[in-house]
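Student: I should like to learn how to read a structural model with care. May we go through one together?

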Amino acid sequence: MQPVPIRTSLIFVAVIGAASFLPQFGSEYVVAVALSFAMWVALAQSWTVLCGMTGYGSFGHAAFYGMGAYVQVLTWGTLSPWLSVPLAGLVSCLFALAAGYPALKVRGPYFVMLTFGLAEFLKFSIIGIEATLGQFSRLIIGAPSPNALYLAMLGLAAAATLITYVVSNSRFGYGLRAIREEEQAAETIGIPVARYKLTAFGLSAFIPGMVGAVMAMRLSYFEPSQAFDALISFNIVVMAMIGGSDDARGPLLGALFLIGLSELLWARAPQVYMIVLGALLVFFVLFAPQGLAKQLFGGARRRAT
Amino acid sequence: MVDKLVGKLNALAVLNNNALGETHMLKKALLALAIGSGLLLPGTADAADPVKVGFAVAKTGLFAGAADGQIKIYELWKDQVNARGGLDVKGVKRPVELVYYDDQSDAGKVVQIYEKLITGDKVDLLLAPYGTSSHIAAAGVVERYKFPMVGNTAASVKLREIKPGNIWFTTGQMPDRLAVSLVELFKLKGIKSIALLANQLPFSLESKTYLVPALTKAGIEVKVSEEYPPSIKDMTAMLINVKQANPDAVVAFSFPSDSAIYLKQARELGIDAKFQFVEVGPTEAAFAKQFGEALNGIVTMGHWTPDNKQWTGARALFDSYVQKYNEPPSYLNAPLVYMSCQILEQAVAKVGLDRDAIRKTIATDTFDTVNGPVKFEGIENVGTPAGLLQIQGGNMTLIWPPSIATADFKPKPAWPAK
């Protein structure tokens, strides 16, 4: 692992420090937008650890988010909510390890379809389970204050960024990139491909699980079709692709760009937002330098970054 | 004359608002113009600041079919209030301005929108979104900000048990009470067996939860019982089971989009039970247009009719709705939504815009509405009974309970030939 440049770490600490004082100055609304930004940064960073680096594109990250939210509502009232958050991360991570073991044996578009299918399968399973339990939608009353939840989310965003940064600059990260460039060659030169991929998958599920748990409290409402919404997966992919890099900078830019766009559009013209999102995706896939689609589906050359 | 002008401008603003988006500015400008023109002629409109009333509306998505009638009532109410010179805020009349966003029938968006309305737009009053899942989602937000909101197109026993303090439901159709009404009518009409279909949305599942034990108690056999996800596109497999079981009654705890699927496919397959209950949808104007004669005999949920002379304003609501929109109002949603506006209006007239005072007033007072007196116990309206409607000869008729019914249940005629 390379030493962390002093300038980068100073900027990182300064930004997080400044952001943590936001509740003292900003209005409730500004804090809500900032929380949403932190959430997407955390999700997109987590996605990058697996998908940006290995080229295995997951369209199912909503599963981890939803799983975390579900753990939170299930343990609500019996467990301290702050204890449920790491527990949610752990459950998501374990689920990823269990699902990843068979799923990571396929590549390219097959992996994309499989992750999407798994997430939908999980969604409809939980809808069924909830219906059987006689729980049709759950309400969380007495959640921590929005400011506390904002700080928690900020912490998760910082942690996710840190993880991506550390992995990106580590031996492990180079191994993951080698898998993206040419999996067989990577295996031949002695990279433990299966273990690396699985570790990355588990790592990329951990933070989304915790994000889901915090968001369940923020929304104070849980309903499976909403917590496991495929649009969450889709947004993550678009952010990471628009940000478009395999280190921690990409997801930050992508999230900033899309949150800005969505704040402008979601309330006034939600359909326009979706159209713009689709158009942007097409644009970036077709015209982004070095072809992000190639990277997603594997076999791309190393981009000059 | 100015009243007329204001009305016209408001109608224009409504038209413009249909496109949502940037037209909001135009609407504001028109409203300002309307108020401005009122200023020129003394003694007509009031120059006070508008009262901002915010809500989320399901313009698109699963609930769009039924939510259309909701927003039409909100607009109608706003026009009526403004035509009267404005909303009476403890003696001072102020114009009403509606602030709303499309929630795409997504409960997650409902949460975002109510947060934005409260913290961003800083609205003075809130009205409700469409449907139980959206109400439950909004309930969390209004609890957090202690912002009272009278709900309308929703009911939930689960929520009643949580005992929130800032939301109420104008309906008499709490799922447990609806179940009792249905079973009473079943017994009276000699129904011995039913087939039960339920959408996996909160309201329909709760309806099922309370109906099944009530049926068992009454000795009515459930021959088929199926659940399906909200986004269902085809019911053929389920309906073939229903047809083979040949029950005396079919109960579809459905929402507008799947109610339409049920009506279409039950007709195609020739399901000929004499009692067919379809929960949400048949009261909407769009259903009358789409299904016409095929709706005859269908029983649905609702406890209102414009024909009840004891309910002040019931006929007037019907007439003004038809005049404005050129179609009849939904007998289910229109009164529920209008009642929520009336309750809010009466509370504000009494105590002004102070949220604590509004909450206390709504929780304790009795309100006079187009569906009779409303009194809340907890979140539940205990002044209104759970009722049933039936489409008879193309007309919506109130058939249950006997205390307010205007007609008796008639066995469903055969589906019209295609």
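The dialogue below treats confidence, interfaces, salt bridges and backbone geometry in turn.

Student: What should I know before reading any value?

Tutor: This is a predicted model, in which local features need pLDDT of at least 70 and side-chain atom pairs count only at pLDDT 80 or more, while totals for chains, interfaces and linings use all residues. Residues are numbered from 1 along each chain as its sequence is written, chains are lettered from A and ligands numbered from 1 in the order in which they are written, and side-chain values use heavy atoms, with hydrogens and water left out.

Student: What is the mean pLDDT of chain B, and what is the average for chain A?

Tutor: pLDDT is the predictor's confidence in each residue, from 0 to 100. The mean for chain B is 89, and 89% of its residues reach 70 or more. In chain B, the pLDDT is below 50 over residues 1-23, a stretch that has 34 contacts in the model beyond near neighbours in sequence (contact: heavy atoms within 4.5 Å). Residues 33-46 of chain B also have pLDDT below 50, with 15 contacts beyond near neighbours in sequence. Chain A averages 86, and 92% of its residues score at least 70.

Student: Which elements of chain A have the lowest and the highest mean pLDDT?

Tutor: Helices (H or I, at least four residues) and strands (E, at least two) are DSSP runs, numbered from the N terminus. Among the elements of chain A, helix α15 (residues 292-296) has the lowest mean pLDDT, 41, and helix α4 (residues 62-75) the highest, 96. Over residues 290-305 of chain A, pLDDT stays under 50, and the model has 37 contacts for this stretch beyond four places in sequence.

Student: How many residues are in contact between chain B and chain A, and what area is buried there?

Tutor: Buried area is the accessible area (1.4 Å probe) that two parts lose on being put together, summed over both. Here, 36 residues of chain B are in contact with 29 residues of chain A. The area buried between the two chains is about 2,800 Å², of which carbon and sulfur atoms give 62%. B:K116, B:R144 and B:K158 supply 18% of the area that chain B buries against chain A, more than any other three residues.

Student: Which salt bridge lies between chain B and chain A?

Tutor: Side chains of opposite charge can pair when their charged atoms come close. A salt bridge is a side-chain nitrogen of Lys or Arg within 4 Å of a carboxyl oxygen of Asp or Glu. The count between chain B and chain A is 1, formed by A:R218 and B:E115 with the closest N and O atoms 2.7 Å apart. The structure holds 25 salt bridges over all chains. B:E115 lies in helix α4 of chain B and A:R218 in helix α10 (residues 193-219) of chain A, so the pair joins two chains.

Student: How is chain B divided into domains?

Tutor: Domain bounds come from an automatic or database domain assignment. For chain B that assignment gives domain 1 (46-172 + 309-381) and domain 2 (175-301 + 387-400). Their centres, taken over C-alpha atoms, are separated by 28 Å.

Student: What does the boundary between these domains of chain B contain?

Tutor: There, 25 residues of domain 1 are in contact with 21 residues of domain 2. The buried area is about 1,800 Å², with 60% given by carbon and sulfur atoms. In domain 1, B:L62, B:Y331 and B:L332 lose the most area to domain 2, together 29% of what that side buries. The count between the two domains is 3 salt bridges. In chain B, the side chains of B:R160 and B:D176 meet in a salt bridge at 2.7 Å, N to O.

Student: Where should I look for notable backbone geometry?

Tutor: A cis peptide bond joins B:W400 and B:P401, with omega about -5°. B:P401 is placed in the segment after β17 (395-400) of chain B. In chain A, phi of A:S220 is near 50°, a positive value in a residue other than glycine. A:S220 lies in the loop between α10 and β2 (221-222) of chain A.
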